[in-house]
Amino acid sequence: MLSLMTATFQASLLDIAPVEPGPGELGATVQRQLLSDGAWVDIRPGWIGDADALFDRLYKAVPWQAEQRLMYERVVDVPRLLCFYGENSTLPDPMLDAAKVALDAHYGAELGEPFRTAGLCLYRDGRDSVAWHGDRIGRGRNVNTMVAIVSVGSPRALLLRPRGGGRRIRHEVGHGDLIVMGGSCQRTWDHSIPKTAKAVGPRISIQFRPRGVL
C-alpha cells in the first residue's frame, strides 16, 4: 500500500444535523437529465449518509496503487490512485455492499442486469484528474449500459460533453453524491474530472459497473 498523507477536506455544509449512515432513498429523489442521442444522467445529491466517515475509512483501508500508462509514445504517471474490485472481490467497506444492493434494486429492471464491479479512484488534490473519455473499452462501446458513481470527500467538477466536442454540462460531486450515466452515454458522450488550481481536498470516486463495461 502506498504511504498517504493525512487527508483533509471540508465537511459538507449540509451535514449539520446527524444523518443515518449508508445509502438513502432513491425512487423519486433521483433527478434524471436527458442528454442527446439517447444518453441521460441521474443525479441524487447526498445519497450516502455519513459520507465523510466513509471517505476516512476508504482512504485508510483501500490498497491504493499508482499506475503508469503509455500516452503519445511515452510512459506517464496516471494522475490519481486506483484500486479495482472484480466480481468475486470483497468490497473494502460494508457501506459499498449496501450501496450496490440499493443500486441493483433501483436500476435492475431498466439495466437488465446487476452491477458487478467497483473501481475506486483517489483524487489527492487539484492536480489529480481524468481526461475526456467514455467507458468504451468493453461492452459500453456498442451497447447501452450504466455506470453509477458515488463520490465521497471534497467536491470536484465532473464535466460531460457530446463525443467529439460541444456544450459542456458541469456537476459538482462529493460528500456522498450519486451520479449515474445511462443509455448511450458511454458511446455518445465523454466525461472528465479536470485539474484545478483551486485549493481542494481529496475525493474518492466509487464506480459501479455491469460485467464487461470498462
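**Exercise 1.** How many bridges join strand β11 (residues 156-162) to β14, and do the two strands run parallel or antiparallel?

*Solution.* Bear in mind from the start that the model is predicted. Looking at the pair in question, we find that four bridges join β11 to β14, and that these strands run antiparallel. As a next step, look for a residue pair in this arrangement: L160 stands opposite H191 in β14.

**Exercise 2.** Find how many bridges join β9 to β14, and name the bridge partner of V130 in β14.

*Solution.* Begin with the strands, which are antiparallel and are joined by two bridges. Then go to the residues, where V130 has I193 of β14 as its bridge partner.

**Exercise 3.** Decide how many residues of β14 (residues 189-193) are buried, and sort them by the way they point.

*Solution.* First, count the covered residues: five of the five residues in β14 are buried, and the strand is therefore mostly covered if buried is taken as under 20% relative accessible area. Second, sort them by direction, with W189, H191 and I193 pointing one way, whereas D190 and S192 point the other way. Third, set this beside the protein chain, in which 50% of the 214 residues count as buried.

**Exercise 4.** Is I137 buried or exposed, and where does this residue lie?

*Solution.* Start with the position of I137, which is in the loop between β9 (130-133) and β10 (147-153). Because its relative accessibility is 65%, and exposed means over 50%, I137 counts as exposed. Finally, consider the surface, where I137 joins F84 and L214 in making a nonpolar patch of about 340 Å².

Key: Residues numbered from 1 in each chain as written. Predicted model: local features only at pLDDT ≥ 70, side-chain atom pairs only at ≥ 80, totals over all residues. Heavy atoms only, no water. Patch = residues over 30% accessible without salt bridge, like charges linked within 9 Å, V, L, I, M, F, W, Y side chains within 5 Å. Areas by Shrake-Rupley, 256 points an atom, 1.4 Å probe, with all protein chains shown as cover. Salt bridge = Lys/Arg side-chain N within 4 Å of Asp/Glu carboxyl O. Buried < 20%, exposed > 50% of the residue type's maximum accessible area, 1.4 Å probe, protein only. Pairing = 2+ DSSP bridges.
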